[in-house]
Amino acid sequence: MRVLDVGCGLGGSAFLMAREHGVSVHALMSRPICSLAPERLRSQGLVSQVTLEHVDVLALPATSRYDVIYSRDVFLHIHDKPRLMEHLHSLLKPGGLLFFTDYGRGASMPSSEFVAYIEQRQYDLRTVNGYRVLLEQAALWKSSRRTIRRI
Ligand SMILES: C[S@@+](CC[C@H](N)C(=O)[O-])C[C@H]1O[C@@H](n2cnc3c(N)ncnc32)[C@H](O)[C@@H]1O
């Protein structure tokens, strides 16, 4: 199985998926945070299973397709969500699964402190329903396994 980890950070999830489940992982980060991810990849002996790449997911060519796209707490950094979802759709094999977590916001008007905080951090936060609409528009919401949960 081929997995795309969008925004892998230090690589913990990618390494765990490769080690525990024997999958091959293409792990992306927009820019290197530090040398820890490649160092840990080598020291854990996972070089043949995990490929680390510094690239914006929106610039990743849709020449390869994946069985699973996984992303933990990254989409808040990407403002053009319709483009992101369309691109993820083009990167998934037919019947593939998108699994992601993200920081979100409630449907009611946030406090001015929260608005200022989001602006200062340059986050783009969506509601659970907002995500559902985006997923539907990109035809990513048609699997029988679909689930969206607030936690
Ligand atoms: C909060 S960290 C999350 C890291 C990891 N998923 C985790 O759970 O520990 C955000 C990560 O998203 C990556 N990122 C942000 N925007 C991105 C983009 N447009 N394309 C690829 N990676 C991106 C950053 O490089 C960073 O690795």
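Two strands pair if DSSP finds at least two bridges between them. E1 and E4 have three bridges joining them and run parallel. The model described here is predicted. Its open sheet has five strands in the order E3-E2-E1-E4-E5, with parallel pairing, and the points below cover this sheet, the helices H1 and H3, the nonpolar cores and some single residues.

**Sheet**

- E3 and E5 are the edge strands of the sheet, each pairing on one side only.
- On average, neighbouring strands of this sheet are turned by 20° against each other, direction ignored.
- E1 is joined to E2 by five bridges, and the two strands run parallel.
- Within the pairing of E1 with E2, Val6 has Leu28 of E2 as its bridge partner.
- Within the pairing of E1 with E4, Asp5 has Tyr70 of E4 as its bridge partner.
- E2 is largely enclosed by the rest of the structure, because five of its six residues are buried.

**Ser71 in strand E4**

- Strand E4 spans residues 66–72 and includes Ser71.
- Ser71 has a relative accessibility of 1% and therefore counts as buried, since the cut-off for buried is under 20%.
- Beyond its neighbours within four places in sequence, Ser71 is in contact with Asp5, Val6, Phe99, Phe100 and Thr101.

**Helix H1**

- Helix H1 covers residues 12–21, and Ala14, Phe15, Met17 and Ala18 are buried in it.
- These buried residues lie on the same side of H1, because they cover an arc of only 160° around the axis.
- Glu20 and His21 are exposed on the other side of H1.
- The packing partners of the buried residues of H1 are strand E1 (2–6), strand E2 (24–29), helix H2 (36–43), strand E3 (50–54) and E4.
- Gly22 follows H1 and has a positive phi, near 65°.

**Helix H3**

- In helix H3 (residues 81–91), the buried residues are Lys81, Leu84, Met85, His87, Leu88 and Leu91.
- Their arc around the axis is only 165°, so they are on the same side of H3.
- E1, E4, strand E5 (92–101) and helix H5 (128–137) are what the buried residues of H3 pack against.
- H3 lies across E1, E4 and E5, and runs at about 135° to E5.
- At the start of H3, a side-chain oxygen of Asp80 comes to within 3.3 Å of the backbone nitrogen of Arg83.
- Pro82 is also in helix H3, where it is partly exposed with a relative accessible area of 40%.
- Pro82 and Ala116 are 34 residues apart along the chain, and their C-alpha atoms are separated by 24 Å.

**Nonpolar cores**

- The largest nonpolar core has 25 residues, of which Ile69, Phe75, Met85, Leu88 and Leu98 touch the most other members.
- E1, E4, H3, E5 and H5 are the elements that give two or more residues to this core.
- The most comes from H3, which gives four residues to this core.
- Not counting residues up to four places away in sequence, Ile69 touches Leu4, Val6, Leu88, Leu91, Leu92, Leu97, Leu98 and Phe99.
- Another core, of 16 residues, lies apart from the largest one, and its members include Val25, Met29, Leu46 and Tyr70.

**Positive phi outside glycine**

- Asp73 is not a glycine, yet its phi is positive, near 60°.
- Asp73 is in the loop between E4 and H3.
- With a relative accessible area of 27%, Asp73 is partly exposed.
- Gln122, also not a glycine, has a positive phi of about 60°.
- Gln122 is in the loop between helix H4 (112–121) and H5.
- With a relative accessible area of 57%, Gln122 is exposed, as the cut-off for exposed is over 50%.

Definitions and conventions
Residues numbered from 1 in each chain as written. Predicted model: local features only at pLDDT ≥ 70, side-chain atom pairs only at ≥ 80, totals over all residues. Heavy atoms only, no water. Buried < 20%, exposed > 50% of the residue type's maximum accessible area, 1.4 Å probe, protein only. Contact = heavy atoms within 4.5 Å. Arc of directions from axis to C-beta. Polar contact = N/O pair within 3.5 Å; in protein donor to acceptor, adjacent residues only side chain to side chain. Core = buried A, V, L, I, M, F, W, Y, C linked by side-chain atoms within 4.5 Å. Axes fitted to C-alpha atoms, helices over the stretch in contact; angles between N-to-C directions.
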